[in-house]
Amino acid sequence: MEQVNLYEILGVSQDADINVIREAYGKLVANPDIQKDAERFKAIGQAFEVLSHPEKRLAYDAAMQYERQEVQDNGFNNTVVNHTENYNTGNNNMGANMVNKSNSEVKNYVFIAYITYALGLFIWFAPVVGVILAYVKHDEAQGSIYASHIDWLIKTFWVSLVGMLFGMLTILILIGWLILAATGVWLIYRVVVGLIKLNDDKPVSNQGWF
């Protein structure tokens with residue numbers, strides 16, 4: 001049973017170094033068309049999850065080599081083929097389960113961060129908790145659809161903070177109220193869009209202000 005070629009998913013050669021892999025991954029996940037394709041985006045994330053981790057990549061390369069040998073020996077030893085298929089299937093399932101578990105945990109933290117942002121409309125310091133969670137989970141989220149949500153949360157926090165501060169500084173000349181109101185509406189919009197995308201397991205686009 002042929003495995004999906006993770007190198008082909010990222011568009012890199014098998015001898016590509018980590019910098020090339022990171023660059024290829026970054027370009028792919030920044031592509032708006034790919035961001036709209038949840039399945040492809042997820043596949044790219046899982047490929048990066050394996051190839052960016054030295055031990056996982058080594059195990060994957062070994063499995064690929066083993067599979068090529070399996071194909072060559074297919075006409076001579078079907079028993080070996082069957083054992084190899086079971087071995088590869090087991091490893092693939094185990095790897096997928098590990099990635100899914102990790103992604104599920106990140107998703108939960110992202111959801112909590114969104115809720116703290118919503119609470120920020122009533123409790124001023126609540127978003128601080130959310131942005132801390134976003135920074136803590138930033139590296140862990142890389143390679144998943146939730147990485148875009150983490151970046152979305154971080155951008156939302158800092159832009160909202162600047163808007164709130166500027167609004168308060170200009171509140172005496174009335175325009176401050178407009179700035180505060182606009183910032184509040186923008187924050188609500190970002191939280192709602194983020195939660196909808198998160199619920200659908202889709203990435204959010206961080207290009208532009210909306």
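**Helix packing and confidence in a predicted model**

In this predicted model, helix α7 buries A126, P127, G130, V131, L133 and A134. These residues share one side of α7, because they span an arc of only 155 degrees around the axis. Confidence is favourable here: among the elements of the protein chain, α7 has the highest mean pLDDT, at 95.

Helix α7 also contributes to the largest nonpolar core, as one of the helices that each supply at least two residues. This core holds 39 residues. L10, L51 and V110 touch the most other members. The helices supplying at least two residues each are α1 (6–10), α2 (18–29), α4 (38–51), α5 (54–72), α6 (78–119), α7 (126–136), α9 (146–169) and α10 (175–199). The greatest share comes from α9, which gives 7 residues.

V110 was examined further. Beyond its neighbours within four places in sequence, V110 is in contact with Y146, H149, I150, L153 and L198. V110 falls within the residue range of α6 (78–119).

A second site centres on G45, a residue of helix α4. G45 is buried, with a relative accessible area of 1%. Residues up to four places away in sequence aside, G45 touches Y25, G143 and S144. The C-alpha atoms of G45 and A141 lie 9.4 Å apart in space, although 96 residues separate the two in sequence.

Two spans carry a database annotation. An unreviewed UniProt entry places the feature "transmembrane region" at residues 111–136 and 156–189. In the model, residues 111–136 are 77% helix and 0% strand. Their end C-alpha atoms are 14 Å apart. Residues 156–189 are 85% helix and 0% strand. For this span, the end C-alpha atoms lie 10 Å apart.

Confidence varies along the protein chain. The mean pLDDT is 82, and 80% of the residues score at least 70. The lowest mean among the elements belongs to α6, at 64. Over residues 78–99, pLDDT stays under 50. The model has 14 contacts beyond four places in sequence for that stretch. Predicted coordinates should not be read in detail where pLDDT is low.

Technical notes
Residues are numbered from 1 along each chain as its sequence is written. This is a predicted model: local features need pLDDT of at least 70, side-chain atom pairs count only at pLDDT 80 or more; totals for chains, interfaces and linings use all residues. Side-chain values use heavy atoms; hydrogens and water are left out. A nonpolar core is a set of buried Ala, Val, Leu, Ile, Met, Phe, Trp, Tyr and Cys residues joined through side-chain atoms within 4.5 Å. Buried means under 20% relative accessible area, exposed over 50%, partly exposed in between (1.4 Å probe, protein chains only). Helices (H or I, at least four residues) and strands (E, at least two) are DSSP runs, numbered from the N terminus. Contact means heavy atoms within 4.5 Å. UniProt positions are given in the numbering used here, feature names are shortened, and annotations may be inferred rather than shown by experiment. The arc is that of the directions from the helix axis to the C-beta atoms. pLDDT is the predictor's confidence in each residue, from 0 to 100.
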